[in-house]
Amino acid sequence: MKTITTTEELATFCEGAKGQAYITVDTEFLRERTYYSKLCLLQLALPGRDDSTAVLVDPLAEGLSLEPLMDLFRDTSVVKVFHAARQDLEIFYVDHGVIPEPMFDTQVAAMVCGFGEQVGYETLVKRIAKEGLDKSSRFTDWSRRPLSDAQKVYALADVTYLRQIYEFLSVQLAKSGRTPWVEEEITLLTNPETYITRPAEAWLKIKTRSTAPRFLAIVRELAAFRESYAQERNIPRSRVYKDDALVELASTKPQSYEDLGRSRLLLREARKGDIADGIIAAVTRGLECPKEDLPQPDMSRDKMQVNPALADLLRVLLKAKTESSGVASKLIAPASDLDAIAAGLRDVQALTGWRREVFGAEALRLCEGRIALAAKGNHVEVIEI
């Protein structure tokens, strides 16, 4: 098995790939000790069943530039095929400012083709390629060199079988006319906004029981400081302080090192130095935030008057549509969308795009009393009223 360690070798491989219909791509990376993923290995394969067209690329090799690969990623004549692409795409966007186009995600395609919720690569290999995978190397340290033969075999399998899976799913999508559905889902994956984390918006992901504006202002400042600190030093945000400690700090509002010393959840190293100073300054900004700039949480969904009977009927309808279409239910409509529809909201994803075709249009007719549901054996039928 070939491992590319020079820019010249990579350029030669990528030049040959430009004449192909597609290329399969996977990565191995580490993120346990850093904020940003550290790319440790790249796997690439060209169409065919010959493993000689599959290579490993060592991004840790001295002097190797990935620019030839980025150039291939920009070439819109070649489809770039991934499985569960989000983390891979984040690496390429953060490190190089490039998102491969066009791209295809076999996990998304499999969910549309009836393989269930967030189906794993190993499952698709078994069901489509009729092969088994040795996953013993999955959690090894990919940054250590030299790589073992077992690691190399494991890594290459992630792109060699991917060729067969991609070709199979592409045919199924073409037969069913659902290729545009997958393209619609991939639009989110190829949107750069998906991979940008702005410190000022980090507080929106913090779960809190209180929605008091002043409390949320402190949460906002603490989350922004933590995100900036972690990004600048490339360390996990949990190494600064965890979410539960952040919420505790927003409640206790520490103003000094002594106050920080009384925290139950704050890491010891965060009670002094740069982190401690940052916490105190963030709390002060939150406390002094002008009233007109205080966060105003969106309470519209919290105050929804959900019709529980209608919500249950929508769940039954979704189950029926999932069975008839073969599309994973969570991909069509999560529970939150069903409750929103039952509360009268209409700005939900389940009522747009291909989801409207599969489920949304009928869901609205159910809400309007224009259809009913009836059990027939093990199935649910839609009846016109």
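**Exercise 1. Place D149 in the fold and say whether D149 is buried or exposed.**

Step 1. D149 sits in helix α6, residues 149–176. Helices are DSSP runs of H or I, at least four residues, numbered from the N terminus.
Step 2. The relative accessible area of D149 is 58%, so D149 is exposed. The cut-offs are under 20% for buried, over 50% for exposed and partly exposed in between, with a 1.4 Å probe and protein chains only.
Step 3. M1 is 148 residues from D149 along the chain, and their C-alpha atoms are separated by 9.3 Å.

The model is predicted: local features need pLDDT of at least 70, side-chain atom pairs pLDDT 80 or more, while totals for chains, interfaces and linings use all residues. Residues are numbered from 1 along each chain as its sequence is written, and side-chain values use heavy atoms, without hydrogens and water.

**Exercise 2. Find the aromatic pairs and classify W181 with W354.**

Step 1. The whole structure holds 9 aromatic pairs. Rings of Phe, Tyr and Trp (its six-membered ring) pair if their centres lie within 6.5 Å; planes under 30 degrees apart are stacked, over 60 edge-to-face, the rest tilted.
Step 2. W181 and W354 have ring centres 5.0 Å apart and planes at 15°, so they are stacked.
Step 3. W181 belongs to helix α7 (residues 179–189) and W354 to helix α16 (residues 353–367), so the pair ties together parts 173 residues apart in sequence.
Step 4. Both W181 and W354 are buried.
Step 5. Ring pairs also join Y22, F104 and Y166 into a cluster.

**Exercise 3. Describe the secondary structure of residues 212–293.**

Step 1. An unreviewed UniProt entry annotates residues 212–293 as "domain: HRDC".
Step 2. This stretch is 68% helix and 0% strand. Its end C-alpha atoms are 13 Å apart.

How values were computed
Helices (H or I, at least four residues) and strands (E, at least two) are DSSP runs, numbered from the N terminus. UniProt positions are given in the numbering used here, feature names are shortened, and annotations may be inferred rather than shown by experiment.
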